[in-house]
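Let's take the labels in this structure one at a time and ask what earns each of them. Have a look first, and then we can reason from values to words.

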Amino acid sequence: MHRINITGIFLLMLFLGSHTVSAQNKRPNILWLVIEDTSPQFIGCYGNSQAKTPNIDALAKQGIRFSNAFSTGTVCSPSRSAIITGVRTYELGTGNHRSNYPLPDFIKGFPYYLRQAGYYTSNNKKTDYNTSSAGRITREAWHESSGKAGWWNREPGQPFFAVFNFEDSHQSRTMTNPYYLYQKQVLELLPEEKQVAAKDIAVPPFFRDSDSMRKQLARIYNGIGLADHRIGKVLDSLRKDHLLDSTIIFFYADHGEGMPRAKTNGIDLGHRVPFIVWFPEMYKHLSPWGTGGTVSADLVCFADLAPTLLQLAGATIPGYMKGRVLLSKNATPAPGSMLLSSDGSEGVSELCRTVTNGRYSYTRVFMPFMPELFYKKYFDYSDIMQLMRADLKNNLLGKEQKAPFEERSPEYLFDISKDPWQMHNLAEDPAFREVVAQMRAEMNAGILRDKDVLFLPEYELARISEKSTPYVFREDSTRYPVRQVLDAASLSGLRSPDALKRQVALLGSPQPYVRYWAALGLKSQGAAVKAYARQLKAALKDNYPPARVVLASVCYDLLKDGEAEAILNRAIGDDNMHLSRLAIQMAQYQQHRNAFVPAVTRVITEVEQKKRKPGAREAAEMFLYSVKGAPLHYNAFW
């Protein structure tokens with residue numbers, strides 16, 4: 001018999017044990033694969049049998065697919081501001097697409113903390129952080145940020161965090177750019193066997209099913225298909241570099257689909273995104289859900305990404321990050337609901353807040369005098385919007401297909417499990433009264449808790465930013481009485497004698513932001529405001545420009561008041577671009593608009609003559625397009 005070498009066995013067990021501990025303690029590499037403007041309804045693993053997304057589907061088959069993941073905004077730059085900082089847009093003041101307000105110096109791009117922890121950070125290549133602090137954020141966050149950036153420039157053995165952003169599914173490809181550019185940017189680069197034909201797709205019910213519409217919607221499928229194709233190339237590179245077994249992979253889209261009724265829209269279609277996490281064998285213990293095709297219904301939002309990655313890297317999570325940690329044994333339990341936001345775009349003021357529990361999605365529309373498809377240049381010169389407006393004009397749309405062009409209800413409730421395209425508003429159904437009341441209360445509590453600063457007009461956010469930041473300003477309740485502001489805003493869209501009476505009374509409030517919201521609420525009251533003509537005309541003396549401009553729109557439209565007309569005309573020509581844009585928008589969304597055509601035309605003329613800055617040009621172009629059918633000045637995107 002052989003003698004058993006106890007010492008040898010002990011040493012072998014010690015080695016294996018230490019090797020296992022080392023594998024568990026070694027910090028993972030992290031890869032982000034980010035596509036743009038995509039809703040889960042257009043991805044194969046989310047149930048679309050027409051989609052050709054084999055690489056994304058493979059990640060889902062081997063990893064965890066989330067059925068309730070949400071962006072923090074419904075358009076790219078606000079969403080990215082939340083992703084890079086781990087702070088929600090309505091706290092930062094970054095919710096309005098293409099705004100440029102500063103962040104406090106202590107708020108960093110979260111990869112800064114990964115760098116401090118020894119990670120190599122690379123971004124390929126999009127930033128678009130929607131803040132005047134973007135340069136600082138970028139410098140602090142990334143070792144390299146360019147079209148050539150990747151993990152390959154790190155030190156040997158150094159853990160990495162690498163982001164790859166794929167623009168192929170961006171709205172520019174899927175709807176905005178002319179068809180010939182889509183052919184060049186997508187079809188010519190996508191292998192023929194991976195292309196989806198127009199005849200094979202399912203048309204969402206809010207579009208009219210026609211050959212022309214199918215041609216446009218095929219752009220969505222093929223843009224996503226090309227992004228998937230490029231994702232496969234990155235995964236091949238990771239595999240060739242022998243890094244697949246040590247890298248956790250996140251796949252997600254930056255917000256909902258880049259099509260009418262989704263992107264820039266505050267309902268679930270704008271917020272819900274595909275989101276997948278894939279683990280190599282050595283890091284499967286970090287998943288609270290298991291792996292291998294698991295589907296999780298946990299609520300996830302983009303504010304969760306930053307603290308999750310800092311936890312994975314062993315870095316300290318700053319106190320200003322309020323998202324939850326998704327992975328590891330220290331994962332935070334999933335919430336029962338979450339508050340989401342959608343704000344202005346391209347200089348158009350807008351504000352919606354949504355509460356979702358995954359199944360039910362409740363949205364409060366605070367400016368319902370504007371339709372879902374409010375005028376936005378980037379949308380309106382697209383073929384698909386031209387087609388939809390032509391169908392509307394020619395009376396080819398059904399009732400539900402016309403609805404996105406009409407004034408909205410102040411509240412929407414959708415049962416996403418039964419109505420994924422959000423066609424049937426349950427908010428006024430008595431059977432759902434308690435659901436609406438509960439979710440409304442949760443929304444209000446969240447707005448007050450987080451001191452939502454985006455209830456301020458952009459005019460005010462810009463003024464604040466001259467000496468401070470919106471983030472800091474909102475913390476001072478004496479300067480920003482958020483409860484009073486919310487109380488006034490909560491009347492907006494309520495078309496009742498009591499709401500009207502209260503709004504008129506609030507025009508006399510000493511608080512200017514309250515008066516602004518009282519005036520905005522009157523935009524939805526219609527002819528009933530005539531009963532208060534004397535009080536409204538007296539309030540035109542308001543010394544707060546945004547309140548005065550909004551009220552002037554109400555008074556001119558319904559009372560044909562000459563002083564109101566003069567106020568609006570002066571504001572349209574004002575050098576302050578925020579005031580000018582607000583005045584143009586208010587004039588655009590009223591019945592009587594022709595009186596303001598000369599003033600709006602002068603805005604464009606003065607921009608072309610370099611007599612004024614171009615900030616209000618797009619608003620002016622959209623006004624003339626909506627009133628006179630004037631052609632839109634086209635800019636190709638990317």
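Q: Before we talk about what covers a residue, what makes two residues count as a contact?
A: Contact means heavy atoms within 4.5 Å. With that cut-off in hand, the buried residues of H2 have a cover that includes strand S1 (29–35), strand S2 (64–70), helix H9 (211–240), strand S6 (247–253) and strand S7 (272–278).

Q: Which residues of H2 are those, and what puts them on the same side of the helix?
A: In this predicted model, helix H2 spans residues 54–62, and its buried residues are Ile 56, Leu 59 and Ala 60. They share a side of H2 because the arc they cover around the axis is only 100°.

Q: How do you know how far to trust the model, and where is pLDDT under 50?
A: The predictor's confidence runs from 0 to 100, and the chain averages a pLDDT of 94. At least 70 is reached by 95% of the residues. Residues 1–24 are where pLDDT stays under 50, and the model has four contacts beyond four places in sequence for them.

Q: Why is Thr 264 called buried?
A: Buried means under 20% relative accessible area. Thr 264 has 3% relative accessibility, so it counts as buried. This residue sits in the loop between S6 and helix H10 (268–271), and its phi is near 70°, a positive value in a residue other than glycine.

Q: Is Asn 395 buried or exposed, and how do you know?
A: The cut-off for exposed is over 50%. Asn 395 has 54% relative accessibility, so exposed is the right word. Its phi is positive too, near 60°, and again the residue is not glycine. You will find Asn 395 in the loop between helix H13 (383–393) and helix H14 (399–402).

Q: What makes the peptide bond between Asn 124 and Lys 125 a cis one?
A: Its omega is about 0°, and the bond is cis. Lys 125 belongs to the loop between strand S3 (120–124) and helix H6 (134–141).

Q: Why does Thr 469 count as buried, and what does it touch?
A: At 9% relative accessibility, Thr 469 falls under the 20% cut-off, so it counts as buried. Leaving out residues up to four places away in sequence, Thr 469 touches Pro 102, Leu 103, Pro 104 and Ile 464. The loop that holds Thr 469 runs between helix H16 (458–465) and helix H17 (470–473).

Q: What lies 3.1 Å from a polar atom of the Thr 469 side chain?
A: That is the backbone nitrogen of Val 472. A polar contact needs N or O atoms within 3.5 Å, and this pair is at 3.1 Å.

Q: Why is S10 described as largely enclosed by the rest of the structure?
A: Eight of the eight residues of strand S10 (residues 338–345) are buried, so that description fits.

Q: How do you know that S10 and S11 pair?
A: Pairing takes at least two bridges, and seven join S10 to strand S11 (residues 348–356), running antiparallel. Met 338 has Thr 356 in S11 as its bridge partner, while Leu 340 stands opposite Thr 354. The hairpin they form has two residues between the strands, and there Glu 346 takes a positive phi near 55°.

Q: What makes S10 and S13 the edge strands?
A: The open sheet has four strands in the order S10-S11-S12-S13, with antiparallel pairing. S10 and strand S13 (411–415) each pair on one side only, and they are the edge strands. From one strand to the next, the twist averages 20°.

Methods
Residues are numbered from 1 along each chain as its sequence is written. This is a predicted model: local features need pLDDT of at least 70, side-chain atom pairs count only at pLDDT 80 or more; totals for chains, interfaces and linings use all residues. Side-chain values use heavy atoms; hydrogens and water are left out. Buried means under 20% relative accessible area, exposed over 50%, partly exposed in between (1.4 Å probe, protein chains only). The arc is that of the directions from the helix axis to the C-beta atoms. A polar contact is a pair of N or O atoms within 3.5 Å; within protein, one must be able to donate a hydrogen and the other to accept it, and residues adjacent in sequence count only if both atoms are side-chain atoms. Axes are lines fitted to C-alpha atoms, for helices over the stretch in contact, and angles run from 0 to 180 degrees between N-to-C directions.
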